[in-house]
Structures are given as C-alpha cells and as structure tokens.
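Welcome! Please take a moment to look over the sequence and the 3D view, and then read on for a short guided tour.

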Amino acid sequence: MVSSGLRPNVYIYNTLINANCKERKLQKAFELFDEMKTKKIDPTVVTYSILISGLCKEDKMQEASDLFRTMQALDVAPNQFTYSAMMDGYCKRANMKEGLKLYDEMRQKGIEPNVVIYCTLIDGHCKERNMEEANKLFVEMVGKGITPNVVIYNSLIDGHCNKGNLEEALTLRLEMFKMSLMPDVFTYSSLIKGFCVEEKVEEAEHLLCEMHERGVVPNCITYNTLIDGLCKEGKSEKALGYCVQMVENGLVTDVVTFSTLIDGHCKEGKMEKALGLYNEMLVKGFTPDVVAYTALIDGYCKDGNVQEAFKLHDEMVKGVFSVHRTYSVPRDYSYHISF
C-alpha cells in the first residue's frame with residue numbers, strides 16, 4: 001500500500017491493531033501503535049480501547065490501567081467500550097472494588113451503562129456471592145428499560161444456586177420462559193449443581209430430563225455434576241448409568257468422571273468395580289488424580305488390603321502413573337461400558 005503511494009490512516013491502523021489483539025499478538029499491536037504515532041497519526045478512543053481490551057484479556061491489568069490514564073491525560077476521553085473493557089478485566093479477576101470505582105466514574109461523566117456493562121458487574125457480584133448487590137443492579141437495569149439477556153440470567157441463577165437459594169433460581173428460570181428466553185446448558189448445569197449440593201438429586205434428574213425434552217444438549221459438566229451428586233448419595237450404580245448415557249450422547253468421559261465414579265464405588269465398598277474403572281482410566285491414557293488415589297487407598301484399607309493401599313500410596317507420591325500397570329479384577333468388571 002505504501003509503495004503505491006497510499007498512506008495508511010487511523011482506520012487501517014485500528015483494523016490491524018485489532019486483528020493482532022484478537023490473535024493475542026500484543027507486541028505487534030503495540031509496534032503498530034508506536035508506528036502510527038511516529039507517522040503523526042493520532043490514536044483515537046477506538047485505538048486505545050482496542051489495546052486496553054487486549055491487555056485486560058491477557059491479565060495485564062496494570063498496563064491497561066496505565067494506558068487508560070494516559071489516554072485521558074492526552075485528552076482522549078474513554079467511551080462506553082473502554083470502560084466496559086476495564087471493568088470486565090477487574091471483575092473477572094475478582095477485583096470488584098476497582099470495577100465499581102470505574103462504574104461510578106463513568107456515570108459521573110454522563111456515560112450510561114449498557115447491557116454488557118450490567119452483565120459484567122452482575123456476574124462479578126454473583127461470583128463473590130454478593131447477591132444483594134447483583135439484584136440491585138438487575139433491578140436498576142430493568143428500570144432503565146434495558147432487557148436482560150440469557151447471560152445475565154445465567155449469572156444470577158448460578159449465584160443463587162451457589163448460595164443455596166434454589167427457589168430464587170427457579171423463579172428466575174420461569175422469568176426467562178415468560179420473556180421468551182430459552183435456558184441453555186449453562187442455566188441447567190447451574191441448577192443441577194445447586195440441587196445436587198442441597199442433596200436434592202431427584203430434582204436434578206428431573207432437570208436433566210427437561211433439558212432433553214427442550215432440546216438443550218447436556219455437556220460433560222452437566223453429567224459430571226449429576227454423577228457426583230448421585231455418588232454422594234450412595235447411588236453409584238445409577239451414576240454409572242448416566243455415564244453410559246453420557247457416552248451414548250457423544251460426550252467423552254474425563255478424569256473427573258472416572259475419579260467421581262471410583263470414589264463413589266469405593267465408598268460403597270464395591271472395590272472390584274472401582275478397580276475396573278481405574279483400569280479403564282489407565283487404558284484410556286488418563287493420569288489418576290488425588291481423588292481417585294485417595295478413594296482407592298481408603299477402600300483398600302477398609303477392605304483390609306493394606307499392602308495394595310501402600311503400593312498405590314507410593315505410586316501417588318512418586319508420580320509414577322503407568323498405563324501398563326493395571327490391577328487384576330474379575331472379568332465381568334474390566335470394563336464393559338465402552339468409555
């Protein structure tokens with residue numbers, strides 16, 4: 001372009017800087033930023049906002065804050081997007097204090113928050129389990145005529161579930177239906193987790209059935225959560241059934257799935273099945289985690305097989321997780337689920 005006599009302008013630089021930030025090439029983005037200044041092309045609020053957003057996504061909050069203050073010192077006023085990027089960076093790192101300071105600063109400058117900013121702050125409060133403040137912002141947002149989206153409802157539902165406020169979470173789910181918003185896999189996974197934590201696994205199972213009826217496809221987290229809830233209730237066989245369903249639905253079992261099932265079977269004294277799962281875990285190339293080892297060691301000790309318990313303990317301490325070492329178990333249990 002330069003060889004053709006055409007001079008890059010601020011729009012072209014912004015496009016190139018944005019492309020590099022999206023590809024996480026911040027060094028190249030800042031080289032272009034320096035180059036445009038060298039060529040006497042003044043960066044705009046869009047330029048600064050793109051770079052600030054890129055820095056925040058890379059967890060470089062100090063550099064983002066410095067650039068945020070630099071642009072203001074150069075009389076480039078931050079806009080809604082700039083504030084949104086900064087607040088998102090702080091809230092995702094559990095620094096609500098700084099996020100809210102920017103929110104107040106933005107309001108004082110006459111910049112009104114949009115749905116993205118409300119979503120960021122509500123989610124931040126929910127992750128800190130500060131549901132009172134999250135609810136206040138939700139009411140404020142609705143009062144301004146801003147329609148909440150699925151992401152905001154998911155944050156609130158997850159927050160209430162984490163606090164054990166299942167009735168509030170279910171009420172929000174009903175609100176979603178009334179607003180023609182379809183609960184997604186994240187909505188249902190949060191609710192299933194909430195009911196499992198409160199030892200209401202039957203209700204969690206009903207929610208999984210509802211997911212299928214509404215065409216919402218469960219993911220590994222959904223199934224692993226329900227499997228864990230069932231195992232904690234001493235229903236490891238039923239949990240195994242959901243594991244089979246999980247695989248039949250095209251999902252891949254992971255370390256969490258195996259470890260949870262091993263732990264559940266060990267706690268019920270079903271060591272043969274636990275070892276079958278452990279062998280399958282090794283064959284699949286998974287490295288057993290501390291949950292799996294602790295469960296098996298505890299199971300062996302309760303079974304009076306201290307020698308095998310010490311062998312596993314030594315493996316765990318040394319970090320020797322060989323896929324070639326499997327344990328001898330009856331043929332029926334080694335293992336026919338086709339994970």
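## Before we start

Two residues are in contact here when heavy atoms of one lie within 4.5 Å of heavy atoms of the other. Please keep in mind that this is a predicted model.

## A buried tyrosine

Let us begin with a single residue, Tyr90, which sits in helix α5 (residues 80–92). Its relative accessibility is 10%, so Tyr90 counts as buried, the cut-off for that being under 20%.

Which residues does Tyr90 touch, leaving aside those up to four places away in sequence? They are Met61, Ser65, Asn95, Glu98, Gly99 and Leu102. For a sense of distance, take His160: 70 residues separate Tyr90 from His160 in sequence, and their C-alpha atoms are 22 Å apart in space.

## The chain as a whole

Now step back to the full chain, which has 18 helices and zero strands. Its radius of gyration is 26 Å, well over the 20 Å that the globule rule gives for 339 residues, so the chain is more spread out than a compact globule. The C-alpha trace spans about 75 × 50 × 35 Å along its principal axes.

Of the 339 residues, 46% are buried. Among contacts with a separation of 6 or more, 58% join residues that are 24 or more positions apart.

## Helices α2 and α3

Next, find helix α2 (residues 26–38) and helix α3 (residues 45–57), whose axes are 11 Å apart and which pack at an angle of about 160°. Angles over 145 degrees count as roughly antiparallel, and α2 and α3 are therefore roughly antiparallel to each other. Their crossing is left-handed.

On the α2 side, the contact is made by Leu26, Ala29, Phe30, Phe33 and Met36, and on the α3 side by Thr47, Tyr48, Leu51, Gly54 and Leu55. By class, these residues are eight nonpolar, two polar and no charged.

## Helices α12 and α13

Further along, helix α12 (residues 201–213) and helix α13 (residues 220–232) cross at roughly 155°, and their axes come within 10 Å. This pair is therefore roughly antiparallel, and α12 passes α13 in a left-handed crossing.

Which residues of α12 and α13 meet? From α12 come Val201, Ala204, Glu205, Leu208, Met211 and His212, while α13 brings Thr222, Tyr223, Leu226, Gly229 and Leu230. The contact of α12 with α13 holds seven nonpolar, three polar and one charged residues.

Key: Residues are numbered from 1 along each chain as its sequence is written. This is a predicted model: local features need pLDDT of at least 70, side-chain atom pairs count only at pLDDT 80 or more; totals for chains, interfaces and linings use all residues. Side-chain values use heavy atoms; hydrogens and water are left out. Axes are lines fitted to C-alpha atoms, for helices over the stretch in contact, and angles run from 0 to 180 degrees between N-to-C directions. Helices (H or I, at least four residues) and strands (E, at least two) are DSSP runs, numbered from the N terminus. Angles under 35 degrees count as roughly parallel, over 145 as roughly antiparallel, 65 to 115 as roughly perpendicular and the rest as oblique. A crossing is left-handed if the near helix is turned anticlockwise from the far one by less than a right angle, and right-handed if clockwise. Ala, Val, Leu, Ile, Met, Phe, Trp, Tyr, Cys and Pro count as nonpolar, Asp, Glu, Lys and Arg as charged, and the others, Gly among them, as polar. The radius of gyration is taken over C-alpha atoms; the globule rule is 2.2 Å times the number of residues to the power 0.38. Buried means under 20% relative accessible area, exposed over 50%, partly exposed in between (1.4 Å probe, protein chains only).
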